[in-house]
Amino acid sequence: MTELQVQQATAHSPNVQQMPFWLEKAIAWGHTDTTHTRNDISLHLKRLRDFLQQLLSEISSVSSTTETLNRLPLLGQLLGQLCWNPHVTAEGASRGLLLQCLLALYSEHPSNAVERKANQWIQKVLCHLATDEEDGAAVGLMKHLGVPTKEYHLKVLKKMVTRIQESIGNSRCSVSSTNKGCSCGSIWAASEACVPLITCPEASPLIGALLQQQMTCIREGLSENFLDALHSAYLRCDLLLDEQAVVSLWYQSLPSLEEAVLNLLESATTAGSTPSKVEEQVPKSLLPKACAQHCSVFLVVNDIFRTVLKQNERNERVKNVFQTFTKCFFMELSRLQPQTSASLKAFFPQSPPSLLIPLFTMPSEMPQESLKNHLIWVSSSLQRLTEEEEDEEDSDSSNIRGNHKVFEAWFLLVQCGYWVQVVVQLLVTSGPEDCGPLLWLLTFYHHPTNRWHHRASQLVQAKAAWDHLYSLFSIEAHLLPADHLQSFISLLAPKPQQPSLAPSLTLSLLVNFATFGQLPQSISAEITQKVVHQSGLQDEATRVLSSLRLRLNDRGSFANDRVHLRIEELHNTIKNKCKPDAPSQTDT
């Protein structure tokens with residue numbers, strides 16, 4: 001538009017012609033608070049609403065805030081006077097039009113100092129409407145109406161929130177909406193203007209509506225300032241959001257999602273954490289629900305887990321969190337309609353496709369007599385992957401690909417840790433002739449990397465541990481064979497010359513033999529007590545027992561009352577009889 005056209009438009013604009021009149025009125029209304037003033041406001045309110053409606057149309061028709069202020073130089077003064085007048089803002093329709101004018105004036109991408117200053121001023125006006133400052137005009141109005149000041153401001157805020165919420169609820173957007181009629185700009189402006197109201201409880205419905213707004217346009221949606229302010233307030237517990245709003249926040253704010261995952265890992269892997277506490281913490285975190293609803297969220301969370309696991313290969317607490325999370329994730333996924341959930345391959349794009357269905361099939365979904373053959377097949381598949389890795393060691397690039405494939409297979413096995421617990425249980429009833437594949441799978445779970453080619457050595461140690469326990473818990477053994485017992489305990493001691501087995505592997509075997517074996521409970525408890533006491537692994541043994549108890553409590557598990565009773569007795573034995581001895585006088 002040329003300068004001449006602007007001058008012509010300005011000359012014929014009824015808004016510009018009426019602006020001085022309404023500004024003079026607004027100033028007069030703000031200077032005095034008398035009966036005459038209130039009557040004058042009431043007399044002019046309808047004409048004011050009509051004028052504000054024309055003003056809104058004109059602001060919306062101009063392409064930028066700078067051009068709007070050039071055409072309407074008195075606009076800022078007028079809106080400011082009206083927004084600070086409680087007699088005007090107390091009337092719903094007038095207040096709604098004022099808010100729409102402010103949002104229309106807000107610059108989505110301020111290009112100069114004028115627009116940046118205007119944005120700051122608009123935020124200040126909105127913040128003013130949300131506060132309970134007892135200015136003179138407000139006090140006069142409250143005295144006249146007999147309403148407490150704070151209650152008045154809360155009503156103003158609630159109506160303001162409702163008005164903006166209705167406006168964004170009516171917004172529609174499409175991928176092809178690149179014209180000026182697209183609603184993304186107004187939604188962005190609404191989110192930016194909402195920043196000062198983040199911690200106001202009354203603004204929660206508006207925040208939730210903004211977060212759940214479907215954004216399909218190529219233009220920008222919610223502002224980064226809005227998402228950052230939400231993230232900070234949520235971390236400080238200054239903001240209450242419903243579950244779906246939290247999920248939407250994580251979906252749209254990567255820093256907020258990452259912070260939530262790391263907080264869960266930190267709280268669930270502390271020294272005082274137990275498997276039962278983790279079972280409570282993980283679903284309460286809402287992260288499994290968010291992952292089930294949004295595949296992209298799951299991929300981010302799973303990538304964080306992947307990185308953490310690479311650095312904590314032997315940390316059983318970390319593994320337990322991943323296993324619990326995966327179980328909760330699939331529970332949430334099962335609650336969704338099939339057409340709204342992504343495919344298994346989409347959630348696990350890096351995992352070996354042939355292992356997805358076999359490992360994500362729950363043990364309770366299969367006949368008990370088929371479990372062993374199923375796990376032998378899984379073991380054979382994983383062995384082939386590791387053999388391919390070893391065959392490619394001569395080529396660095398190929399070796400990297402092989403390591404990646406083996407790690408992803410192991411990561412999948414860790415997430416499906418319930419199958420590993422079934423492996424240990426089956427080893428109790430397996431004979432020497434058919435325990436090989438199951439022992440290999442158990443060893444691979446606890447020692448996935450082939451550092452310094454020690455996998456074969458660790459498998460030999462695992463077989464030795466199983467042999468000792470097989471002899472100790474033999475039905476013919478009425479007395480404790482001391483040599484077998486001491487040999488087994490020695491496997492738990494660190495060995496400087498060679499890598500020792502992970503204590504969790506040997507303790508898992510011990511606990512399962514004591515739970516599912518045929519020896520009398522008193523003898524099983526005595527063996528367990530001696531091993532745990534001499535090895536000093538009471539906490540680890542308690543964790544293994546707790547994990548076993550949780551798995552057996554799951555619906556569809558193959559456990560009877562005898563098994564549950566033996567677990568409780570073993571737990572009491574470890575807790576009460578394996579306490580560290582009191583220091584002697586000499587030690588003191």
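What percentage of the 588 residues of the chain count as buried? The figure is 48%. This is a predicted model. The chain's secondary structure comes to 31 helices and 0 strands. Its contacts often join distant parts of the sequence: among contacts with a separation of 6 or more, 73% are between residues 24 or more positions apart.

**Surface**

- The chain exposes about 28,100 Å².
- Carbon and sulfur atoms supply 53% of that exposed area.

**The largest pocket**

- The largest pocket holds about 1,300 Å³ of space.
- Its lining counts 49 residues, and those closest to the centre are K327, M362, Y418, R551 and D554.
- Several helices give two or more residues to this lining: helix 16, helix 19, helix 22 (371-391), helix 24 (418-429), helix 25 (436-446), helix 28 (503-516) and helix 30 (538-553).
- Helix 19 gives the largest share of the lining, with 12 residues.
- By type, the lining of the largest pocket divides into 21 nonpolar, 17 polar and 11 charged residues.

**The cavities**

- The structure has 2 cavities of 30 Å³ or more.
- The second largest cavity contains about 40 Å³ of space.
- Its lining is made up of A268, S273, T274, P275, V278, R317, N320 and R543.
- Helix 16 (275-284) and helix 19 (316-335) are the elements that give two or more residues to this lining.
- The lining of the second largest cavity splits into 3 nonpolar, 3 polar and 2 charged residues.
- Helices 16 and 19 therefore appear in two places: each gives two or more residues to the lining of the second largest cavity, and each does so for the largest pocket.

**Helix 15 and its cover**

- Helix 15 covers residues 254-268, which makes 15 residues.
- From first C-alpha to last, helix 15 reaches 21 Å, close to the 21 Å expected at 1.5 Å a residue.
- Its buried residues are S256, L257, A260, V261, L264, L265 and A268.
- A268 is also part of the lining of the second largest cavity.
- The cover over the buried residues of helix 15 includes helix 13 (224-235), helix 14 (243-252), helix 16, helix 17 (287-293), helix 18 (295-311) and helix 19.

**Helix 18**

- Helix 18 has 17 residues.
- It reaches 25 Å between its first and last C-alpha atoms, close to the 24 Å expected at 1.5 Å a residue.
- The buried residues in helix 18 are V297, F298, V301, N302, I304, F305, R306, V308 and L309.
- Helix 18 is also among the elements that cover the buried residues of helix 15.

**The loop residue L286**

- L286 sits in the loop between helix 16 and helix 17.
- The phi angle of L286 is near 70 degrees, a positive value in a residue other than glycine.
- Is L286 buried or exposed? L286 counts as buried because its relative accessibility is 12%, below the 20% cut-off.

**Q458 in helix 26**

- Q458 belongs to helix 26, which runs over residues 455-472.
- Q458 has a relative accessible area of 5%, so it is buried.
- Beyond its neighbours within four places in sequence, Q458 is in contact with R314, T443, H447, P499 and L501.

**A514 in helix 28**

- A514 is part of helix 28.
- Its relative accessible area is 0%, so A514 is buried.
- Leaving aside neighbours within four places in sequence, A514 touches F473, S524, T528, R566 and L570.
- T528 lies 14 residues from A514 along the chain, and their C-alpha atoms are separated by 7.2 Å.

**L552 in helix 30**

- L552 is located in helix 30.
- L552 counts as buried because its relative accessibility is 3%.
- L552 and H564 are 12 residues apart along the chain, with 8.1 Å between their C-alpha atoms.
- Helix 30 is also one of the elements that give two or more residues to the lining of the largest pocket.

Note on methods. Residues numbered from 1 in each chain as written. Predicted model: local features only at pLDDT ≥ 70, side-chain atom pairs only at ≥ 80, totals over all residues. Heavy atoms only, no water. 1 Å grid on protein atoms, 1.4 Å probe; cavity = no way out; pocket = protein on both sides within 12 Å on 5 of 7 lines; lining within 4 Å. Points joined across faces, edges and corners; volume = space filled by probe spheres on them. Helix = DSSP H or I, 4+ residues; strand = E, 2+ residues; numbered from the N terminus. Nonpolar A, V, L, I, M, F, W, Y, C, P; charged D, E, K, R; others polar. Buried < 20%, exposed > 50% of the residue type's maximum accessible area, 1.4 Å probe, protein only. Contact = heavy atoms within 4.5 Å. Areas by Shrake-Rupley, 256 points an atom, 1.4 Å probe, with all protein chains shown as cover. Expected span 1.5 Å × (residues − 1).
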